[in-house]
Amino acid sequence: MSAGNGELERLAAVGNSTLGLAYEEPLLFERSRPGRTGYALPPLDVPEVDPAESLGEGAVRDDLPGLPELSEVEVVRHFTRLSTWNAAVDLGLYPLGSCTMKYNPKLNEQMARLPGFAGAHPLQDDAESQGALSLVHRLESWLAEVSGMDRVSLQPAAGAQGELAGIMMVRAYHERRGDRRSKVLVPDSAHGTNPASAALNGYEVVTVAAGEDGILHPEAVEAAMGEDVAALMVTNPSTLGLFEEHIARICEIVHAKGGLVYLDGANLNALLGAARPGDMGVDVMHFNLHKTFSTPHGGGGPGAGPVGVKEVLAPHLPIPVVREGDDGQLAWSDDLPHSIGRLHGSHGNFGMFVRAYAYVRSLGPDGLRRCAEMAVLNANYLLARLRGHYHVPYDRPVMHECILSDRGLAGEVSTLDVAKRLIDYGYHPPTIYFPLVVHGALMIEPTESESLEGLDRFADAMLAIEAEAREDPERVRSAPHHTRLSRLDETQAARKPILRWEPEEA
Ligand SMILES: Cc1ncc(COP(=O)(O)O)c(C=O)c1O
């Protein structure tokens, strides 16, 4: 007997079929059936032993953990179906500002999976790890070259940890000179991790306001700068997507009072091969390999936030450092007496170093520069197409991203509504309501990956939404309409998240 349409829909609704994409997918726990397994072991050909007898009473639990019991195909289908709910860089433009969601070439993934790298163990002897050590050593020197810094350490495992390490080095530097300083200056447009890193190091954070044009002005830094200031933390290009064009003068002002300049280099994608923070007067910086150097960013994946320093801070680099012996052999070394110490147990997310290495090698200096040029061109192209339809808070040429806002949109349509409606047009929303200095910000970072046609499609979607706000605002305010679930109660989800599955009462 064949199932009628109603029956098929019902089956789809309980996840027993793959009709369309709008099915309800039960949890693996809900699908579980006692005794079902995803493996088949051959019959036992050795005497069976009582685990409690061989391992000891305390080692065996009889309260089962209640894991789901399923066949292999059920698990594969479950996760494959879930994967189709995801937005991904491999599916389309992913304009999540400040995250540099560029396409990550598959070649780099293949390199990271080479068995010699993927199977390397952090405790393996140095003599057996010469390839891995050489990769670390070379990547450190290339990052130093790209940034104009003297030394780089790949140890930090995230941008935020790079900042923490950088400010720890700043503190170590001043303390070694017997100079106790208590403040760190941070512009109001900074990424939230900047003040957090300063505060975690025990510094008082002093906010410096950017000018009306969105950039930091020497006079504002001069007014806040004193001999109690350990460092200025500045992001260049900034989180407003703008180049801090007074950076060289600002560095001079900070140095004149004995302070150091920390550069949040997470947005280096816009500068690659074109300008170097080290040449601007910066003393210490971090990179986000997972933005600039080809590891997917977002979704809580692995990170790598190498730190680069000028020679004055080199004695304080985190350990271990890679050193080359007289015999040309490389080795990890903890011998750095003024180091800030270890940042974690082993060496960070090594697979990311391999991806970054492959990325730099395959692009070469000219290719890296072209990345930056295309990223900047793409952001400016989008801005040019959207200007006049969306409010542009700082209307000047941008670097890697452009910022719009919901000011003046018709029909009381807000930034959140635009973001939700973009999902109906097939796009992951941009970053919204950040940076905080722009009310109702929409932060769009197209990256260098997009073609002209791809940018035009996205711009057309944005323009269509702006027109809808005038003609049918309710359609925008109640979006998304073409998704499995419509507008969610995000406050409830944030305030009262249900994080644990509980079995239903029998
Ligand atoms: C400008 C800036 N600084 C710092 C960070 C922090 O990096 P992470 O998320 O790796 O800690 C980010 C992350 O995107 C960033 O965009």
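**Close-up 1. Glu57 and its negative surface patch in the predicted model.** In this predicted model, Glu57 is placed in the loop that runs between α3 (51–55) and α4 (72–83). Glu57 counts as exposed because its relative accessibility is 63%, and the cut-off for that class is over 50%. Together with Glu48, Asp50 and Glu53, Glu57 forms a negative patch on the surface.

**Close-up 2. Leu27 and a nonpolar surface patch.** Leu27 lies in the loop between α1 (5–13) and α2 (28–31), and with Phe29 and Trp501 this residue makes a nonpolar surface patch of about 240 Å². With a relative accessibility of 38%, Leu27 counts as partly exposed, since that class lies between the limits of 20% for buried and 50% for exposed residues.

**Close-up 3. The largest nonpolar core.** This core has 54 residues, and those with the most contacts inside it are Leu143, Leu268, Leu272, Leu289, Phe293 and Phe353. At least two residues of the core are supplied by each of the helices α7 (130–147), α11 (247–256) and α14 (350–386), and likewise by each of the strands β4 (229–235), β5 (260–265) and β6 (284–287). The largest share, 12 residues, comes from α14. In soluble globular proteins, nonpolar side chains tend to be buried together.

**Overview for orientation. The whole protein as context for the close-up views.** The protein has 18 helices and 12 strands, and its C-alpha atoms fill a box of roughly 85 × 75 × 45 Å when taken along the principal axes. Of the 506 residues in the protein, 47% are buried.

Terms used:
Residues are numbered from 1 along each chain as its sequence is written. This is a predicted model: local features need pLDDT of at least 70, side-chain atom pairs count only at pLDDT 80 or more; totals for chains, interfaces and linings use all residues. Side-chain values use heavy atoms; hydrogens and water are left out. Patches are made of residues with over 30% relative accessible area and no salt bridge: like charges are joined within 9 Å, nonpolar side chains (Val, Leu, Ile, Met, Phe, Trp, Tyr) within 5 Å. Accessible areas come from the Shrake-Rupley method with a 1.4 Å probe; for residues, only the protein chains shown count as cover. A salt bridge is a side-chain nitrogen of Lys or Arg within 4 Å of a carboxyl oxygen of Asp or Glu. Lys and Arg count as positive and Asp and Glu as negative; His and the chain ends are not counted. The place of a charge is taken as NZ of Lys, CZ of Arg, CG of Asp or CD of Glu. Helices (H or I, at least four residues) and strands (E, at least two) are DSSP runs, numbered from the N terminus. Buried means under 20% relative accessible area, exposed over 50%, partly exposed in between (1.4 Å probe, protein chains only). A nonpolar core is a set of buried Ala, Val, Leu, Ile, Met, Phe, Trp, Tyr and Cys residues joined through side-chain atoms within 4.5 Å.
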